[in-house]
Amino acid sequence: MEQINNIEQISSETIRLFSGAKVEWSKSKELIWEHNFDELFQETKVKKVNFKQHILKLSIAASFLLLIGIGSFGWFYTESFYSPAGTHLTASLPDGSTVEMNAESSIKFHPYRWAVARNVEFEGEGFFEVQKGKKFTVESQLGETSVLGTSFNVYSRDETYRVLCLTGKVGVEASSKESVILNPNQEVIIKSGKVFKRNDNVIPENTTSWRFNQFLYTAAPFKEVIKEIERQYGISISSNENLNDLISCNFQKGPDVEEILSVVCKPLGYNFTKASEKQYLITRNK
């Protein structure tokens with residue numbers, strides 16, 4: 001009973017204490033609210049500034065990446081020209097140099113790095129007229145030709161790389177790293193990656209006559225002549241013979257391919273028959 005009375009006494013004292021107490025605040029409610037809202041707004045403003053800075057940094061990074069992308073595209077961008085069978089094509093290069101290409105010839109280069117390096121990749125046969133300037137390099141699978149400003153003819157087909165200098169000086173390097181310097185009317189022939197022959201006092205018109213649709217051959221393999229006819233007329237010529245005979249001939253490209261075939265086949269004892277619209281068969285006369 002005494003314990004219960006003590007509890008009631010404590011409860012009564014507690015109620016009296018808190019009901020009669022008054023908490024003194026150092027600031028009014030209005031000042032407290034104003035202070036809290038000021039802190040809230042200040043924090044919001046700081047976050048806004050940081051967000052703008054973050055966006056600025058992202059924009060700069062994006063612009064930098066875009067410039068890198070555009071630069072990479074320009075550096076690796078390739079322009080190419082191809083002269084198909086039966087046609088000739090003249091390609092203009094960024095510095096005004098030109099390449100007159102024979103049938104089934106191709107050229108590739110990087111126009112946006114031309115000011116740094118005048119390099120082209122070439123396969124087939126072409127007549128180059130190069131403007132003076134930095135070193136100009138023609139890269140082929142069978143060899144490499146370098147000049148500063150000159151004119152020359154390049155033939156790169158079927159394991160044979162042949163270069164004729166017409167004006168200026170031309171440096172030619174085989175894949176074996178053998179190198180030759182050519183002066184006007186000098187020619188080098190590279191076979192299977194090695195210097196095979198060097199000719200002096202060459203008559204340029206005989207080598208570059210293809211530019212005018214005229215073809216001159218002196219002791220040339222017959223199959224080489226046949227392949228040129230295929231290129232010029234866009235036809236296919238097959239044979240069970242080895243066609244290794246040597247032939248000296250000249251002919252002007254005309255509308256009738258059968259007339260040309262007759263000119264080159266008869267002196268060697270060959271005959272030809274038409275298998276289809278663009279296919280011919282060569283056989284040896286019996």
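Contact here means heavy atoms within 4.5 Å of each other. Keep that in mind as we walk through this predicted model, in which local features need pLDDT of at least 70, side-chain atom pairs count only at pLDDT 80 or more, and totals for chains, interfaces and linings use all residues. Residues are numbered from 1 along each chain as its sequence is written, and side-chain values use heavy atoms, with hydrogens and water left out.

**Stop 1: the whole chain**

Colour by secondary structure to begin. The protein chain has five helices and 18 strands; these are DSSP runs numbered from the N terminus, helices being H or I of at least four residues and strands E of at least two. Of the 286 residues, 34% are buried, that is, under 20% relative accessible area, with exposed over 50% and partly exposed in between (1.4 Å probe, protein chains only).

**Stop 2: Thr 208**

Select Thr 208, which is found in helix α3 (residues 204-208). Its relative accessibility is 5%, so Thr 208 counts as buried. What does Thr 208 contact, leaving aside its neighbours within four places in sequence? Show Phe 127, Asn 153 and Leu 166, and you have the partners.

While Phe 127 is on screen, add Arg 211: its charged end sits over the ring of Phe 127, 3.9 Å from the ring centre. For a charge to sit over a ring, NZ of Lys or CZ of Arg must be within 6 Å of the ring centre and within 35 degrees of the ring normal.

**Stop 3: the aromatic rings**

Next, show the side chains of Phe 81, Phe 109, Trp 114, Phe 122, Phe 128, Phe 136 and Phe 152, which ring pairs link into a cluster. Rings of Phe, Tyr and Trp (its six-membered ring) pair if their centres lie within 6.5 Å; planes under 30 degrees apart are stacked, over 60 edge-to-face, and the rest tilted. The whole structure holds 11 aromatic pairs. Zoom in on Phe 109 and Trp 114, an edge-to-face pair at 5.8 Å centre to centre with 70° between the planes. Both of these residues are buried.

Now move to Phe 128 and Phe 152, a stacked pair with 5.0 Å between centres and 0° between planes. Phe 128 belongs to strand β5 (residues 118-129) and Phe 152 to strand β8 (residues 151-157), so the pair ties together parts that are 24 residues apart in sequence. Phe 128 and Phe 152 are buried too.

**Stop 4: a three-stranded sheet**

Select β15, β18 and β17, which in that order make an open sheet with mixed pairing. Two strands pair if DSSP finds at least two bridges between them. The edge strands, β15 (236-239) and β17 (270-276), each pair on one side only. Between β17 and β18 (residues 279-284) the pairing is antiparallel, over six bridges. To see one partnership, pick Phe 272, whose bridge partner in β18 is Ile 282.

**Stop 5: helix α4**

Add helix α4 (residues 222-233), which packs on the sheet and touches β15, β17 and β18. How many of the 12 residues of α4 are buried? Nine are, so the helix is largely enclosed by the rest of the structure. Among them are Phe 222, Val 225, Ile 226 and Tyr 233.

Just after α4, look for Gly 234, which takes a positive phi of about 65°. Finish at Tyr 233 with Lys 253 shown: the charged end of Lys 253 sits over the ring of Tyr 233, 5.5 Å from its centre.

How values were computed
Axes are lines fitted to C-alpha atoms, for helices over the stretch in contact, and angles run from 0 to 180 degrees between N-to-C directions.
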